[in-house]
Amino acid sequence: MKRFAGLCLICTLALSLTGCFSVQDPNAAHESIQVIAMDTPMVFTAYGEKSTKSVYAAEEEIRRLEALLSRTEADSAVSRLNLGETVTVEPEIWAMLDSARRYADMTGGAFDITVAPIVSAWGFTTDSFQVPEQAEIDRLLQTVGNDHIHAQETPEGVAVTLDAGTQIDLGGIAKGYAADRTADIYREYAIPRGLARLGGNVLAWGDKPDGSAWRIGIQDPKRADLGDSGLAGVLEMKNAFAVTSGGYQRFFEAEGKTYHHIIDPATGAPSDSGLTSVTVIASADPGNSTMCDALSTALFVMGEEQALDFWRSSGLEFELVLITADDRVVVTSGAAEDFELDTSSGYAYETVS
Ligand code: AMP
Ligand code: MG
(Lines give C-alpha, C1' and ligand atoms only; values in the text may rest on other atoms or scores of the structure.)
(Ligands and ions follow the chains in the order given, each with its own letter.)
Protein backbone atom coordinates (compact mmCIF):
# COMPACT_ATOMS: atom_id res chain seq x y z
CA MET A 1 0.00 0.00 0.00
CA LYS A 2 2.82 2.30 1.01
CA ARG A 3 4.62 1.37 -2.19
CA PHE A 4 1.45 2.11 -4.20
CA ALA A 5 1.10 5.53 -2.53
CA GLY A 6 4.74 6.25 -3.39
CA LEU A 7 4.13 5.33 -7.00
CA CYS A 8 1.13 7.63 -7.06
CA LEU A 9 3.24 10.46 -5.67
CA ILE A 10 5.89 9.85 -8.33
CA CYS A 11 3.18 9.80 -10.97
CA THR A 12 1.68 13.04 -9.65
CA LEU A 13 5.13 14.65 -9.57
CA ALA A 14 5.87 13.38 -13.07
CA LEU A 15 2.53 14.74 -14.30
CA SER A 16 3.10 18.11 -12.73
CA LEU A 17 6.61 18.21 -14.12
CA THR A 18 5.23 17.40 -17.54
CA GLY A 19 2.76 20.22 -16.91
CA CYS A 20 5.66 22.59 -16.19
CA PHE A 21 7.54 21.48 -19.26
CA SER A 22 4.51 21.92 -21.45
CA VAL A 23 4.29 25.56 -20.35
CA GLN A 24 7.88 26.01 -21.47
CA ASP A 25 7.19 24.11 -24.66
CA PRO A 26 7.61 26.77 -27.35
CA ASN A 27 4.43 25.57 -29.05
CA ALA A 28 2.27 26.02 -25.98
CA ALA A 29 3.15 29.66 -25.21
CA HIS A 30 1.04 31.96 -27.27
CA GLU A 31 -0.15 35.54 -27.56
CA SER A 32 -3.15 37.09 -29.23
CA ILE A 33 -3.90 40.78 -29.72
CA GLN A 34 -6.78 42.68 -31.30
CA VAL A 35 -6.10 45.82 -33.28
CA ILE A 36 -8.19 48.26 -35.27
CA ALA A 37 -6.21 49.50 -38.25
CA MET A 38 -6.99 50.37 -41.87
CA ASP A 39 -10.62 50.83 -40.70
CA THR A 40 -10.73 47.12 -39.96
CA PRO A 41 -10.79 44.95 -36.83
CA MET A 42 -7.76 42.65 -36.88
CA VAL A 43 -6.53 39.77 -34.68
CA PHE A 44 -2.92 38.56 -34.56
CA THR A 45 -2.23 35.25 -32.80
CA ALA A 46 1.16 33.57 -32.61
CA TYR A 47 2.58 30.53 -30.79
CA GLY A 48 6.15 29.91 -29.72
CA GLU A 49 8.82 31.54 -27.58
CA LYS A 50 8.70 34.84 -29.45
CA SER A 51 4.92 34.95 -29.80
CA THR A 52 4.51 38.20 -27.83
CA LYS A 53 7.30 40.00 -29.68
CA SER A 54 5.99 38.84 -33.04
CA VAL A 55 2.38 39.99 -32.61
CA TYR A 56 3.47 43.44 -31.41
CA ALA A 57 5.94 43.66 -34.30
CA ALA A 58 3.03 42.80 -36.64
CA GLU A 59 0.91 45.55 -35.08
CA GLU A 60 3.73 48.09 -35.49
CA GLU A 61 4.17 47.07 -39.11
CA ILE A 62 0.44 47.38 -39.83
CA ARG A 63 0.42 50.90 -38.32
CA ARG A 64 3.43 51.84 -40.49
CA LEU A 65 1.64 50.57 -43.60
CA GLU A 66 -1.58 52.34 -42.63
CA ALA A 67 0.26 55.70 -42.72
CA LEU A 68 2.41 54.81 -45.74
CA LEU A 69 -0.47 53.75 -47.99
CA SER A 70 -3.09 56.20 -46.77
CA ARG A 71 -5.15 58.14 -49.26
CA THR A 72 -6.37 60.52 -46.60
CA GLU A 73 -3.14 61.52 -44.78
CA ALA A 74 -2.05 64.71 -46.54
CA ASP A 75 1.66 64.00 -46.95
CA SER A 76 1.62 60.29 -47.76
CA ALA A 77 3.20 59.45 -51.14
CA VAL A 78 -0.22 58.30 -52.39
CA SER A 79 -1.85 61.62 -51.41
CA ARG A 80 0.93 63.63 -53.05
CA LEU A 81 0.67 61.58 -56.26
CA ASN A 82 -3.11 62.09 -56.22
CA LEU A 83 -2.57 65.87 -55.99
CA GLY A 84 -0.58 65.73 -59.21
CA GLU A 85 2.97 65.88 -57.82
CA THR A 86 5.82 63.84 -59.28
CA VAL A 87 6.99 61.72 -56.37
CA THR A 88 10.19 59.69 -56.09
CA VAL A 89 8.65 56.82 -54.19
CA GLU A 90 10.27 54.39 -51.77
CA PRO A 91 11.21 51.03 -53.33
CA GLU A 92 8.46 49.36 -51.28
CA ILE A 93 5.75 51.62 -52.74
CA TRP A 94 7.14 51.23 -56.22
CA ALA A 95 7.02 47.42 -55.84
CA MET A 96 3.35 47.69 -54.83
CA LEU A 97 2.46 50.05 -57.66
CA ASP A 98 4.24 47.83 -60.12
CA SER A 99 2.51 44.68 -58.93
CA ALA A 100 -0.85 46.54 -59.00
CA ARG A 101 -0.11 47.45 -62.62
CA ARG A 102 0.71 43.83 -63.44
CA TYR A 103 -2.53 42.54 -61.84
CA ALA A 104 -4.45 45.17 -63.83
CA ASP A 105 -2.85 43.87 -67.03
CA MET A 106 -3.49 40.24 -66.14
CA THR A 107 -7.14 40.78 -65.24
CA GLY A 108 -7.98 42.93 -68.26
CA GLY A 109 -8.38 45.94 -65.96
CA ALA A 110 -10.93 44.30 -63.59
CA PHE A 111 -8.48 45.17 -60.80
CA ASP A 112 -7.31 48.73 -61.32
CA ILE A 113 -5.99 51.10 -58.64
CA THR A 114 -6.75 54.13 -60.86
CA VAL A 115 -10.45 53.56 -60.16
CA ALA A 116 -9.85 55.84 -57.13
CA PRO A 117 -11.73 58.97 -58.29
CA ILE A 118 -14.80 56.83 -58.97
CA VAL A 119 -14.58 55.14 -55.55
CA SER A 120 -14.53 58.69 -54.12
CA ALA A 121 -17.42 59.89 -56.30
CA TRP A 122 -19.59 57.14 -54.74
CA GLY A 123 -18.48 58.42 -51.32
CA PHE A 124 -16.58 55.31 -50.20
CA THR A 125 -13.42 57.28 -49.35
CA THR A 126 -15.15 59.63 -46.91
CA ASP A 127 -18.32 57.69 -45.92
CA SER A 128 -20.48 60.45 -47.45
CA PHE A 129 -22.26 58.05 -49.78
CA GLN A 130 -24.07 59.23 -52.90
CA VAL A 131 -25.06 58.01 -56.35
CA PRO A 132 -23.04 60.14 -58.81
CA GLU A 133 -24.52 61.55 -62.03
CA GLN A 134 -23.77 59.38 -65.08
CA ALA A 135 -22.08 62.40 -66.74
CA GLU A 136 -19.66 62.61 -63.82
CA ILE A 137 -18.90 58.87 -64.00
CA ASP A 138 -18.30 59.18 -67.77
CA ARG A 139 -15.90 62.07 -67.17
CA LEU A 140 -14.01 60.19 -64.44
CA LEU A 141 -13.75 57.01 -66.54
CA GLN A 142 -11.41 58.97 -68.83
CA THR A 143 -8.86 59.06 -66.00
CA VAL A 144 -8.91 55.28 -65.36
CA GLY A 145 -6.26 52.90 -66.69
CA ASN A 146 -2.65 51.81 -66.30
CA ASP A 147 -1.51 54.08 -69.12
CA HIS A 148 -2.22 57.10 -66.87
CA ILE A 149 0.60 56.02 -64.51
CA HIS A 150 4.10 57.09 -65.61
CA ALA A 151 7.30 55.89 -64.00
CA GLN A 152 10.88 56.86 -64.62
CA GLU A 153 14.04 55.40 -63.09
CA THR A 154 16.24 58.13 -61.62
CA PRO A 155 19.45 57.87 -59.54
CA GLU A 156 17.30 58.64 -56.45
CA GLY A 157 14.67 55.97 -57.18
CA VAL A 158 11.57 55.62 -59.34
CA ALA A 159 9.83 58.95 -60.06
CA VAL A 160 6.09 58.45 -60.51
CA THR A 161 3.63 60.88 -62.08
CA LEU A 162 -0.10 60.47 -62.68
CA ASP A 163 -1.91 62.15 -65.57
CA ALA A 164 -4.10 65.12 -64.65
CA GLY A 165 -7.22 63.89 -62.84
CA THR A 166 -5.89 60.34 -62.33
CA GLN A 167 -5.73 59.12 -58.74
CA ILE A 168 -4.76 55.81 -57.15
CA ASP A 169 -6.32 53.80 -54.34
CA LEU A 170 -4.38 50.86 -52.89
CA GLY A 171 -7.39 49.78 -50.77
CA GLY A 172 -7.88 46.69 -52.94
CA ILE A 173 -4.46 45.24 -51.95
CA ALA A 174 -3.38 47.09 -48.78
CA LYS A 175 -4.64 44.45 -46.33
CA GLY A 176 -3.34 41.66 -48.53
CA TYR A 177 0.10 43.25 -48.51
CA ALA A 178 -0.18 43.72 -44.73
CA ALA A 179 -0.90 39.98 -44.33
CA ASP A 180 2.16 39.22 -46.48
CA ARG A 181 4.24 41.37 -44.12
CA THR A 182 2.71 39.57 -41.12
CA ALA A 183 3.87 36.25 -42.59
CA ASP A 184 7.37 37.75 -43.10
CA ILE A 185 7.41 38.75 -39.42
CA TYR A 186 6.22 35.30 -38.24
CA ARG A 187 9.00 33.82 -40.38
CA GLU A 188 11.64 36.21 -38.93
CA TYR A 189 10.60 35.37 -35.35
CA ALA A 190 10.54 31.62 -36.11
CA ILE A 191 6.88 31.35 -35.14
CA PRO A 192 5.85 27.71 -35.59
CA ARG A 193 2.12 28.40 -35.88
CA GLY A 194 -0.35 31.26 -35.69
CA LEU A 195 -3.35 32.92 -37.20
CA ALA A 196 -3.86 36.48 -38.40
CA ARG A 197 -7.16 37.96 -39.47
CA LEU A 198 -7.14 41.37 -41.12
CA GLY A 199 -10.83 41.75 -41.91
CA GLY A 200 -11.50 39.42 -44.84
CA ASN A 201 -7.78 38.62 -45.20
CA VAL A 202 -6.56 35.55 -43.32
CA LEU A 203 -3.12 34.06 -42.73
CA ALA A 204 -3.16 30.49 -41.39
CA TRP A 205 0.48 30.06 -40.37
CA GLY A 206 1.44 26.42 -39.82
CA ASP A 207 -1.17 24.22 -38.20
CA LYS A 208 -3.10 24.25 -34.91
CA PRO A 209 -1.28 23.07 -31.76
CA ASP A 210 -3.05 19.68 -32.03
CA GLY A 211 -1.71 19.28 -35.58
CA SER A 212 -5.06 19.81 -37.27
CA ALA A 213 -5.83 22.59 -39.76
CA TRP A 214 -7.10 26.04 -38.79
CA ARG A 215 -10.85 26.34 -39.48
CA ILE A 216 -11.86 29.60 -41.13
CA GLY A 217 -15.49 30.59 -41.54
CA ILE A 218 -16.60 32.03 -44.88
CA GLN A 219 -19.35 34.57 -44.32
CA ASP A 220 -22.74 33.99 -45.91
CA PRO A 221 -23.30 37.37 -47.64
CA LYS A 222 -27.05 37.05 -47.02
CA ARG A 223 -26.51 36.65 -43.28
CA ALA A 224 -23.60 39.05 -42.81
CA ASP A 225 -25.37 40.69 -39.86
CA LEU A 226 -25.10 37.39 -37.97
CA GLY A 227 -21.29 37.26 -38.22
CA ASP A 228 -19.93 33.82 -37.30
CA SER A 229 -23.48 32.51 -36.77
CA GLY A 230 -24.27 33.03 -40.45
CA LEU A 231 -21.61 31.19 -42.42
CA ALA A 232 -21.71 29.78 -45.95
CA GLY A 233 -19.13 27.21 -44.93
CA VAL A 234 -15.81 26.48 -43.26
CA LEU A 235 -12.43 26.28 -44.92
CA GLU A 236 -9.63 24.17 -43.43
CA MET A 237 -6.27 25.86 -43.90
CA LYS A 238 -2.62 25.12 -43.07
CA ASN A 239 0.18 27.43 -44.22
CA ALA A 240 -2.12 29.37 -46.47
CA PHE A 241 -3.62 32.76 -47.20
CA ALA A 242 -7.30 33.33 -47.94
CA VAL A 243 -8.84 36.64 -48.96
CA THR A 244 -12.55 37.31 -49.33
CA SER A 245 -14.09 40.19 -51.27
CA GLY A 246 -17.82 40.66 -50.90
CA GLY A 247 -20.35 43.35 -51.61
CA TYR A 248 -21.72 42.88 -48.09
CA GLN A 249 -18.45 44.16 -46.55
CA ARG A 250 -19.11 47.83 -47.35
CA PHE A 251 -22.25 49.25 -48.93
CA PHE A 252 -24.98 51.87 -48.69
CA GLU A 253 -28.62 52.02 -49.65
CA ALA A 254 -30.31 54.79 -51.63
CA GLU A 255 -33.86 54.80 -52.96
CA GLY A 256 -34.30 51.12 -52.21
CA LYS A 257 -31.14 50.02 -54.03
CA THR A 258 -27.90 48.71 -52.52
CA TYR A 259 -24.55 49.96 -53.79
CA HIS A 260 -21.33 48.24 -52.71
CA HIS A 261 -17.68 49.30 -52.71
CA ILE A 262 -16.23 47.14 -55.49
CA ILE A 263 -16.32 49.19 -58.67
CA ASP A 264 -16.27 47.76 -62.17
CA PRO A 265 -13.61 49.94 -63.85
CA ALA A 266 -15.36 49.37 -67.20
CA THR A 267 -18.64 51.00 -66.09
CA GLY A 268 -17.71 53.12 -63.07
CA ALA A 269 -20.56 51.51 -61.08
CA PRO A 270 -20.52 48.88 -58.34
CA SER A 271 -19.97 45.59 -60.17
CA ASP A 272 -23.08 43.57 -60.90
CA SER A 273 -21.57 40.28 -62.01
CA GLY A 274 -23.83 37.78 -60.25
CA LEU A 275 -21.26 37.02 -57.53
CA THR A 276 -21.86 38.01 -53.92
CA SER A 277 -18.52 36.78 -52.52
CA VAL A 278 -15.16 35.62 -53.85
CA THR A 279 -12.55 33.88 -51.69
CA VAL A 280 -9.08 33.33 -53.17
CA ILE A 281 -6.81 30.80 -51.44
CA ALA A 282 -3.07 30.27 -51.98
CA SER A 283 -0.04 28.89 -50.12
CA ALA A 284 1.57 31.15 -47.49
CA ASP A 285 4.53 31.94 -49.77
CA PRO A 286 5.84 35.53 -49.96
CA GLY A 287 3.66 37.80 -52.09
CA ASN A 288 0.72 35.41 -52.33
CA SER A 289 -1.53 37.38 -50.01
CA THR A 290 -1.19 40.49 -52.20
CA MET A 291 -2.02 38.27 -55.17
CA CYS A 292 -5.10 36.81 -53.40
CA ASP A 293 -6.28 40.32 -52.51
CA ALA A 294 -5.91 41.73 -56.04
CA LEU A 295 -7.58 38.64 -57.50
CA SER A 296 -10.46 38.58 -55.01
CA THR A 297 -11.40 42.12 -56.09
CA ALA A 298 -10.81 41.39 -59.80
CA LEU A 299 -12.68 38.08 -59.94
CA PHE A 300 -15.62 39.61 -58.03
CA VAL A 301 -15.84 42.16 -60.87
CA MET A 302 -15.41 39.50 -63.60
CA GLY A 303 -18.22 37.18 -62.51
CA GLU A 304 -18.35 33.38 -62.31
CA GLU A 305 -17.62 32.35 -65.87
CA GLN A 306 -14.68 34.71 -66.46
CA ALA A 307 -13.33 34.04 -62.95
CA LEU A 308 -13.26 30.28 -63.60
CA ASP A 309 -11.67 30.81 -67.03
CA PHE A 310 -9.00 32.94 -65.31
CA TRP A 311 -8.49 30.22 -62.67
CA ARG A 312 -7.93 27.63 -65.43
CA SER A 313 -5.68 29.70 -67.68
CA SER A 314 -3.74 32.34 -65.70
CA GLY A 315 -0.84 30.08 -64.72
CA LEU A 316 -1.09 31.45 -61.14
CA GLU A 317 -1.53 28.94 -58.31
CA PHE A 318 -4.71 29.62 -56.33
CA GLU A 319 -8.10 28.12 -55.53
CA LEU A 320 -11.55 29.69 -55.28
CA VAL A 321 -14.75 29.63 -53.28
CA LEU A 322 -17.40 31.63 -55.16
CA ILE A 323 -20.88 32.46 -53.85
CA THR A 324 -23.44 33.42 -56.46
CA ALA A 325 -26.52 35.61 -56.29
CA ASP A 326 -28.58 32.60 -57.41
CA ASP A 327 -27.63 30.72 -54.24
CA ARG A 328 -24.77 28.44 -55.26
CA VAL A 329 -21.36 27.88 -53.69
CA VAL A 330 -18.81 26.97 -56.37
CA VAL A 331 -15.47 25.54 -55.19
CA THR A 332 -12.48 24.79 -57.43
CA SER A 333 -11.08 21.24 -57.31
CA GLY A 334 -7.95 22.05 -55.30
CA ALA A 335 -10.00 23.46 -52.40
CA ALA A 336 -12.89 20.98 -52.48
CA GLU A 337 -11.38 18.67 -49.83
CA ASP A 338 -10.82 21.58 -47.47
CA PHE A 339 -14.26 23.17 -47.74
CA GLU A 340 -17.34 22.15 -45.80
CA LEU A 341 -20.69 23.70 -46.72
CA ASP A 342 -22.85 25.01 -43.87
CA THR A 343 -26.10 23.28 -44.78
CA SER A 344 -28.15 25.83 -42.83
CA SER A 345 -27.14 28.38 -45.52
CA GLY A 346 -29.43 26.64 -48.04
CA TYR A 347 -26.87 27.03 -50.86
CA ALA A 348 -26.44 24.40 -53.57
CA TYR A 349 -22.85 23.11 -53.68
CA GLU A 350 -20.78 22.56 -56.83
CA THR A 351 -17.15 21.74 -57.47
CA VAL A 352 -15.41 22.59 -60.73
CA SER A 353 -12.21 21.47 -62.40
P1 AMP B 1 -11.40 44.48 -51.59
O2 AMP B 1 -12.18 44.64 -50.34
O3 AMP B 1 -10.04 43.92 -51.43
O4 AMP B 1 -12.18 43.78 -52.67
O5 AMP B 1 -11.09 45.94 -52.15
C6 AMP B 1 -12.09 46.89 -52.31
C7 AMP B 1 -11.48 48.26 -52.16
O8 AMP B 1 -10.57 48.46 -53.25
C9 AMP B 1 -12.52 49.35 -52.27
O10 AMP B 1 -12.92 49.79 -50.99
C11 AMP B 1 -11.77 50.44 -53.05
O12 AMP B 1 -10.97 51.18 -52.15
C13 AMP B 1 -10.87 49.66 -53.95
N14 AMP B 1 -11.49 49.21 -55.22
C15 AMP B 1 -12.81 49.17 -55.56
N16 AMP B 1 -12.97 48.65 -56.78
C17 AMP B 1 -11.73 48.32 -57.23
C18 AMP B 1 -11.22 47.73 -58.44
N19 AMP B 1 -12.02 47.33 -59.41
N20 AMP B 1 -9.88 47.57 -58.54
C21 AMP B 1 -9.04 47.96 -57.55
N22 AMP B 1 -9.45 48.50 -56.40
C23 AMP B 1 -10.78 48.69 -56.24
MG1 MG C 1 -8.89 42.79 -52.71
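**View 1. Here is the magnesium ion (ligand 2) with its protein donors in this predicted model.** Which atoms are the protein donors of the magnesium ion (ligand 2)? They are G172 (O), D293 (O), D293 (OD) and T297 (OG1), and they lie 2.1 to 2.6 Å from the ion. Follow the chain and the donors show the spacing G-x120-D-x3-T. G172 and T297 bring distant parts of the chain together, as they are 125 residues apart. G172 sits in the loop between β5 (157-162) and α7 (174-188), while T297 belongs to helix α8. Is G172 buried, partly exposed or exposed? With a relative accessible area of 22%, G172 is partly exposed, because buried means under 20%. T297, at 15% relative accessibility, counts as buried.

**View 2. Next up is ligand 1 and the residues around it.** How many residues surround ligand 1? There are 15, and the closest are D169, S245, I263, D293 and T297. You may recognise D293 and T297 from the first view, where they were donors of the magnesium ion (ligand 2). Now for some polar atom pairs. An N or O atom in the side chain of S245 is 2.6 Å from an oxygen atom of ligand 1. For I263, look at the backbone instead: one of its polar atoms there is 2.8 Å from a nitrogen atom of ligand 1. D293 uses a polar side-chain atom, which lies 2.9 Å from an oxygen atom of ligand 1. On its own, ligand 1 has 500 Å² of accessible area, and the protein covers 92% of that.

**View 3. This one looks into the largest nonpolar core, with F318 as our guide.** The core has 71 residues. Which of them have the most contacts inside it? That would be F44, L97, Y186, L299, F318 and L320. Helix α8 (residues 288-302) gives the most to this core, with nine residues. Now pick out F318 and skip its neighbours within four places in sequence: F318 is in contact with V280, I281, A282, M291, L295, L299, F310 and W311. Another core, of 20 residues, lies apart from this one, and its members include Y47, L195, A204 and A232.

**View 4. Meet I216, a residue in strand β8.** Is I216 buried or exposed? It is buried, with a relative accessible area of 4%. Setting aside neighbours within four places in sequence, I216 is in contact with L195, R197, V202, G233, V234, L235 and M237. L195 is worth a second glance: I216 and L195 are 21 residues apart in sequence, and their C-alpha atoms are 9.9 Å apart in space. L195 is also one of the residues in the core of 20 residues.

**View 5. D207 and its charged-looking corner need a careful look, so start with where D207 is found.** D207 is in the loop between β7 (201-205) and β8 (214-219). The relative accessible area of D207 is 19%, so it counts as buried, since the cut-off is under 20%. What joins the side chains of D207 and R193? A polar contact of 2.6 Å does. Not counting residues up to four places away in sequence, D207 touches R193, S212, W214 and K238.

**View 6. Here we visit G246, in strand β10 (residues 240-246).** How accessible is G246? Its relative accessible area is 0%, and it is buried. Beyond its neighbours within four places in sequence, G246 is in contact with H261, I262, T276, S277 and F300. If you also find D180, you'll see a wider gap to cross: the C-alpha atoms of G246 and D180 are separated by 21 Å, and the two residues are 66 residues apart along the chain.

**View 7. The last close-up is T45, found in strand β2 (residues 40-47).** T45 is buried, with a relative accessible area of 13%. Which residues is T45 in contact with, leaving aside its neighbours within four places in sequence? They are E31, S32, V55, Y186, G194 and L195. Y186 appeared in the third view too, among the residues with the most contacts inside the largest nonpolar core.

Notes
Residues are numbered from 1 along each chain as its sequence is written. Chains are lettered from A and ligands numbered from 1 in the order in which they are written. This is a predicted model: local features need pLDDT of at least 70, side-chain atom pairs count only at pLDDT 80 or more; totals for chains, interfaces and linings use all residues. Side-chain values use heavy atoms; hydrogens and water are left out. A nonpolar core is a set of buried Ala, Val, Leu, Ile, Met, Phe, Trp, Tyr and Cys residues joined through side-chain atoms within 4.5 Å. Buried means under 20% relative accessible area, exposed over 50%, partly exposed in between (1.4 Å probe, protein chains only). Helices (H or I, at least four residues) and strands (E, at least two) are DSSP runs, numbered from the N terminus. Contact means heavy atoms within 4.5 Å. A polar contact is a pair of N or O atoms within 3.5 Å; within protein, one must be able to donate a hydrogen and the other to accept it, and residues adjacent in sequence count only if both atoms are side-chain atoms. Donors are N, O and S atoms within 2.8 Å of the metal (3.2 Å for Na, K and Ca); water is not among the atoms, so sites may look incomplete. A residue is near a molecule or strand if one of its heavy atoms lies within 4 Å of it. Accessible areas come from the Shrake-Rupley method with a 1.4 Å probe; for residues, only the protein chains shown count as cover.
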